[in-house]
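Visitor: I would like to go through this model with you, one question at a time, and hear the reasoning behind each answer.

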Amino acid sequence: MTDPTALQLPTHTAGIQQVPSNVTSVQPVLELQALDISLPRGSDRAHAVAQVSLTVNPGEIVCLVGESGSGKSAIAHTVMGLQAKALVPTAGKILLQGEDVLTMAPARLRQLRCTTMSMIFQEPMTALNPVFSCGEQIDEVLRTHTALTASERQQRVLDMIQQVGLPDPLRMLRSYPHQLSGGQRQRIMIAMALVLEPLLLIADEPTTALDVTTQAQILALIRTLQREHGTGVLFITHDFGVVAEIADRVAVLRQGELVEFGQKQQVLEYPEHPYTQMLIGAVPSMTPRVREASARGEVILRTERLVKTYPNSRTPAVNQVALELRRGETLGIVGESGSGKSTVARCVAKLITTTSGSIFQHGQDIAPLSNRQMRPLRKCVQIVFQDPYRSLNPRRTVGDSIIEGPMNYGATRQEAWKHASELMELVRLEPTMLQRFPHEFSGGQRQRICIARSLAMKPEILIADEAVSALDVSVQAQVLGLLDEVREQLNLAMLFITHDLRVAAQVCDRVAVMSKGEIVETGRTADIFLAPAHAYTQTLFAAAPGRDWLFEAGRARLKKKGDSYQAESVSPK
Amino acid sequence: MNAFTESSGRVTLWRTLLRSPSVMIGAAILLCVLFIGLAAPFLHTMSPDKINPSVRNKLPGYESTLRDDEGNKIQFVHLMGTDSLGRDIYSRVVFGARVSLLIGATVAVMSAFIGLILGLLAGYFRWLDAIVMRVMDGLMAIPAILLALSMVALLNAGLSTVILAIVITEIPRVVRLVRSVVLSVREEPYVEAAISVGTPTPVLLVRHILPNTIAPLIVQTTYIAAHAILVEAVLSFLGVGISPETPTWGNIMAEGRAMFVMLPHNIFFPGLFLAVTVLAVNLFGDGLRDLLDPRMRKRL
């Protein structure tokens, strides 16, 4: 189901956003005073959150930024009184309109939720109750907190649904969550959160699970509603693009400690703390990197009219896709979820059978080959998956995982192990770590191991299927660097699948943009980023968060006219 | 993460097992019953088949005198009384433990083994799935007792027939469980990664998929064992199971059925052993389930 609402792009007031200045006469909606939240004994650190003080004023958006495990969600949940039992606030105050949430009676807290503070969550798929219609769920808020009659309530709900930009409010009222798209569900969540006009809205990564175009709409919606209602927003995100897009003030968390807190302009352009500088420096630039000589390699993979239709589905997931991959180059496949980019990867890796079309590998069509016929050819194409936590067998040591492939092709254990040790060094891990199990590694390390496992097969084509999407931005930069280095050293061809334009800009020599199973545009990265021809590509670029900012050399700056690449030329004409 | 995911944690697994009261109590009782069954030749006071018409239907604690082959008088105490043929119930109950445990263990192992293979194949090979699962649906529709009745009628009444009948009816449950695990595990990226490094399918099944089924399977196996012990007792009680001269708990109870009101000990003692044993197996299984995978409740 696609979101039928017209694409609303955030309005961009050039220059500094009009931020309500931090006047002392204004009472902040939310004030954290030296908040400590302890972790259960035996965790890697004592505090989830240590000595965090910050304020959210009426009508402003404060972005809480940090990598995974920085304690940003712990803060959000504790403010709502929804923290996990293991997380105990041990010191400090959370003042909501001057009232301390931590010492409040549970009944009072219930009263305040939705009326004074509301929350929207990351995963719109699971945040709504599947057995009630959306109307009933919004209505429940009104039933609980107001004495309105049924018809008044219905009017309010309809109003709210209209405000969040959902079409056909009466139908929305009656639909169940599964009948709506992710973006529509997030709009319903926002409607529910804002129906009583709370003073504080906590948004916990509300757009992380959404596609980039939907994300742009939701960000714009939150911005608009927040301005109209004068709501203070605590916006939690890991994405500096989103920060650049939406924040008035920015708070940077590292391992539970607040390392920097200030106006957006200040923090992004002149970050003081080295950690903030590192985070901003790790954000991939939208300016494509230009690399010569990649177009001269021989073509080692070519698809023709590739079609894949899944069983029980009428529309093909991949339709008439033609690609060409040369030795030594990185071809990016960019698109939103459901565009078929992963399906292409899995067809090329022969993990699924194709419906029709050809895949030429060194001139041989591998599409019609059976599993058995495919075995000797599998070495050539290797794939690195998105989720580092699921792509290694948890019961086997990483060494066993790495040598499995070579041993399938007749290598002895000693040879394979020796090669694995060399590969571990190549991916900058200790060879002694081969004896360990996956759970002893972090996400980034696991992804390195997966890369080592792929390289153990001495492939010619490496497919990276959203290989860095699950990683924190600083780790992402390292893994991207590693992939690039490996490709260079071993002269591999790389098929790089991503939804992230920034990442694509940094890694890919050429990109193919996919939408609804078809490639709508393909060309050199620099050309496409400079002048996207297809309407969909333009929409995609226009929706990229923080596109008005240049992230470079550890700081960001607002783009000026005449800055490189596509700043102005991109906006839909 | 369940305890099985970390083989470096095998020591920890044992420690967790030791800390779980239900596993410990269940295991302790089971070991006692196992000991009773194994040591039956030493524990019994007289032959379980020895018929002595002079001491029919005696209450527990009755003392009788017998002459052995040399003509010496021997005193016997019938700890649990005697049945309507004058057989010593205590000795019969002690020997009955063997049959019950044997049936529980054999049925559990056999149905787990066959079910595991069928489940793996059905879960992994989509074309086989429909066929296997429809057969399993069919099997599930047949009541265990009814199947056993007809099999006993067709074949001969005996231990192997009873075991076969119970195994057949238990297999579908194992197949369903294993298949559901395989269906979810086969989508894991590490399985796909193994495919793409050219791991042959049989190796893939054994190395990457099968280990995930073991924990739920162990738990399911305990339930099957408990159920099998009960079904055997029911069959014997109905007189269609193992031949009546073999001491099984069900047979002893069947023997006492007619005189139940006057002489409840005939049914009480074997019934008590049966109940305690099944309880122990279930306790053990529940404890294991909670330890191995709390989420597994949904699958069972």
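Visitor: How many bridges join strand 13 of chain A to strand 19 of chain A?

Guide: This is a predicted model, and in it strand 13 covers residues 330-334 of chain A while strand 19 covers residues 510-515 of chain A. The two strands run parallel, and A:Ile333 stands opposite A:Ala512 in strand 19 of chain A. The number of bridges joining strand 13 of chain A to strand 19 of chain A is four.

Visitor: Which residue in strand 18 of chain A stands opposite A:Gly332?

Guide: Strand 13 of chain A is also joined to strand 18 (residues 493-498) of chain A, by five bridges, and these strands run parallel. Within that pairing, the residue opposite A:Gly332 is A:Phe496.

Visitor: Which residues of strand 13 of chain A point the other way from A:Thr330, A:Gly332 and A:Val334, and are they buried or exposed?

Guide: Strand 13 of chain A is mostly covered, with five of its five residues buried. A:Thr330, A:Gly332 and A:Val334 share one direction from the strand, and the residues pointing the other way, likewise buried, are A:Leu331 and A:Ile333.

Visitor: Why does A:Ile463 count as buried?

Guide: A:Ile463 belongs to strand 17 (residues 461-465) of chain A. Leaving aside neighbours within four places in sequence, A:Ile463 is in contact with A:Ala345, A:Val348, A:Ala349, A:Val381, A:Ile383 and A:Leu495. The cut-off for a buried residue is 20 or more other C-beta atoms within 10 Å, and A:Ile463 counts as buried because its C-beta neighbours inside 10 Å number 28.

Visitor: Is A:Ala34, with its positive phi, buried or exposed?

Guide: A:Ala34 sits in strand 1 (residues 30-38) of chain A, and its phi is near 45 degrees, a positive value in a residue other than glycine. A residue is exposed if 12 or fewer other C-beta atoms lie within 10 Å of its own. A:Ala34 has 11 C-beta neighbours inside 10 Å, and therefore counts as exposed.

Visitor: What is the phi of A:Gln97?

Guide: A:Gln97 lies in the loop between strand 4 (88-96) and strand 5 (99-100) of chain A, where it is partly exposed, with 16 other C-beta atoms within 10 Å. Although A:Gln97 is not a glycine, its phi is positive, at about 55 degrees.

Visitor: Which are the edge strands of the open sheet with the order 12-11-14-15 in chain A?

Guide: This open sheet has four strands with antiparallel pairing, and two bridges join strand 14 (residues 356-361) to strand 15 of chain A, where A:Gln361 has A:Gln364 as its bridge partner. Helix 12 (residues 341-348) of chain A packs on the sheet and touches strand 11, strand 12 and strand 14 of chain A. An edge strand pairs on one side only, and here the edge strands are strand 12 (318-326) and strand 15 (364-365) of chain A.

Visitor: Which helix of chain B gives the most to the side that touches chain A?

Guide: The contact takes 18 residues from chain B and 23 residues from chain A. On the side of chain B, the elements giving two or more residues are helix 8 (189-196) and helix 9 (201-238). The one that gives the most, with seven residues, is helix 8 of chain B.

Visitor: Where in chain A does pLDDT stay under 50?

Guide: Chain A averages a pLDDT of 86, and 92% of its residues score at least 70. Where pLDDT is low, the predicted coordinates should not be read in detail. In chain A, pLDDT stays under 50 over residues 1-24 and over residues 564-573.

Notes. Residues numbered from 1 in each chain as written. Chains lettered and ligands numbered in written order. Predicted model: local features only at pLDDT ≥ 70, side-chain atom pairs only at ≥ 80, totals over all residues. pLDDT = per-residue confidence, 0-100. Contact = placed C-beta atoms within 7 Å. Pairing = 2+ DSSP bridges. Axes fitted to C-alpha atoms, helices over the stretch in contact; angles between N-to-C directions.
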